[in-house]
Amino acid sequence: MKAKQTVISAPLIVGCWQLDDRSWTAIPANDVERTIDTYLAWGIAHFDTADIYGRSERLLGQILKDRSDCTLLTKAVFFGSEPTPNQVRGKIENSLRQLQRDCLDCVQVHWHDPQIDFAQTLELLTKFQDEGKIRQLGATNFDVPMLKRALEYAPIATHQVQYSLVDRRVENGMAALCQEFGIGLLPYGPLAGGFLSDKFLSMATPPPESSHARGFYYSSMVAAHGGWPPLQELLHAIAQVARKYELTIAQVALKWVAQQPGVLAPVVGFTQHRQQIEQNVSALKSEIAPADLEFLSERSAQLLQQPGDIYSYERK
Ligand SMILES: NC(=O)c1ccc[n+]([C@@H]2O[C@H](COP(=O)([O-])OP(=O)(O)OC[C@H]3O[C@@H](n4cnc5c(N)ncnc54)[C@H](OP(=O)(O)O)[C@@H]3O)[C@@H](O)[C@H]2O)c1
């Protein structure tokens with residue numbers, strides 16, 4: 001099936017979880033603005049945020065209020081019991097207010113507990129889409145049974161899932177399902193929070209980084225997929241390809257994700273390093289022979305485990 005019409009028209013989306021100053025080291029608002037200018041200067045005008053990313057929606061709204069050419073993806077995150085229609089409406093209205101938009105470009109639903117029925121909520125969000133409050137509906141972290149059921153209630157166009165050379169659980173059925181229904185994959189964590197970079201090559205143990213997503217989210221993911229020694233072997237394999245093309249490890253890892261079937265655009269976390277921004281943009285324009293990308297797929301399959309469906313251990 002052909003991909004559905006989508007608001008995604010860029011090869012790269014900037015992930016703005018990093019702007020949540022409750023969880024991560026606070027980036028001063030002026031620096032956020034300056035960095036966003038750098039992204040825009042590089043032609044990157046798609047930003048991913050969420051209702052649960054602290055000040056992230058508000059900052060993006062303030063900085064980009066006059067930039068209708070920018071595409072802002074947000075998330076509606078539902079934990080716990082089934083929300084009332086008023087709560088769902090309240091969430092959407094709040095995101096509209098924070099992002100200073102009349103219409104949300106894309107609302108990606110995260111539904112934490114599959115035991116709680118989401119039919120009514122998805123139907124309501126579809127109604128908001130019909131009313132012009134939402135341009136596109138997406139999902140994030142749905143597993144295969146959840147996404148199949150969700151498609152009965154909402155025209156989901158994109159699915160944001162963790163996908164990298166370290167985490168390939170999407171290949172256990174989800175990628176095929178998305179391709180069957182024309183749903184574009186938006187891989188998050190394509191650099192495993194930055195672990196897939198030269199910074200960590202030959203490092204004996206991961207450094208403690210309590211105020212970086214790496215130290216919390218991605219280090220447990222690395223552990224669940226086999227641990228630090230196999231990750232190091234994988235980094236050496238990526239470095240071998242990187243040397244051949246005069247690229248960095250992060251560039252090769254990013255290009256690998258972007259080239260996977262069904263991928264629309266990877267969501268790469270916000271970085272203040274201009275050089276990293278430039279590298280990420282140019283990585284997607286680089287050419288790596290399919291045989292070298294296949295070599296990396298094989299090495300990652302040999303070295304790491306891919307336990308279960310999307311978001312299986314995180315949901316627990
Ligand atoms: N849907 C969900 O449940 C969910 C979950 C997690 C994330 N997300 C979204 O996905 C976005 C991206 O994921 P992520 O940030 O968690 O992981 P990521 O994109 O794999 O890693 C981003 C980090 O990698 C480092 N980096 C970026 N470019 C680099 C380069 N060229 N070379 C070396 N290091 C580089 C930066 O950290 P340093 O420079 O500090 O090292 C950056 O913060 C998030 O911002 C968020 O929007 C969604």
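Q: What makes the pair formed by Tyr218 and the ligand a polar contact?
A: In this predicted model, a polar side-chain atom of Tyr218 lies 2.5 Å from an oxygen atom of the ligand, and because a polar contact is a pair of N or O atoms within 3.5 Å, the pair qualifies as one.

Q: Which other residues meet that criterion, and with which of their atoms?
A: An N or O atom in the side chain of His212 is 2.8 Å from an oxygen atom of the ligand, whereas Gly15 takes part through a polar backbone atom, 3.2 Å from a ligand oxygen; both values are within 3.5 Å, so these pairs are polar contacts too.

Q: How much of the ligand does the protein bury?
A: Of the 910 Å² that the ligand exposes when taken alone, the protein buries 93%, and the space taken by the ligand is the largest pocket.

Q: Which elements give two or more residues to the shell around the ligand?
A: These are helix H7 (213–224), strand S8 (267–269) and helix H10 (274–285).

Q: What is the make-up of the shell around the ligand, and which residues are closest?
A: The ligand is surrounded by 33 residues, with Gln18, Asp48, Lys199, Tyr218 and Asn280 the closest, and the shell divides into 16 polar, 13 nonpolar and four charged residues.

Definitions and conventions
Residues are numbered from 1 along each chain as its sequence is written. This is a predicted model: local features need pLDDT of at least 70, side-chain atom pairs count only at pLDDT 80 or more; totals for chains, interfaces and linings use all residues. Side-chain values use heavy atoms; hydrogens and water are left out. A residue is near a molecule or strand if one of its heavy atoms lies within 4 Å of it. A polar contact is a pair of N or O atoms within 3.5 Å; within protein, one must be able to donate a hydrogen and the other to accept it, and residues adjacent in sequence count only if both atoms are side-chain atoms. Accessible areas come from the Shrake-Rupley method with a 1.4 Å probe; for residues, only the protein chains shown count as cover. On a 1 Å grid over the protein atoms alone, a cavity is a set of points where a 1.4 Å probe fits but cannot get out, and a pocket is an open set with protein on both sides within 12 Å along at least five of seven lines; lining residues have an atom within 4 Å of a point. A molecule sits in a cavity or pocket if more than half of its atoms lie within 2 Å of its grid points. Helices (H or I, at least four residues) and strands (E, at least two) are DSSP runs, numbered from the N terminus. Ala, Val, Leu, Ile, Met, Phe, Trp, Tyr, Cys and Pro count as nonpolar, Asp, Glu, Lys and Arg as charged, and the others, Gly among them, as polar.
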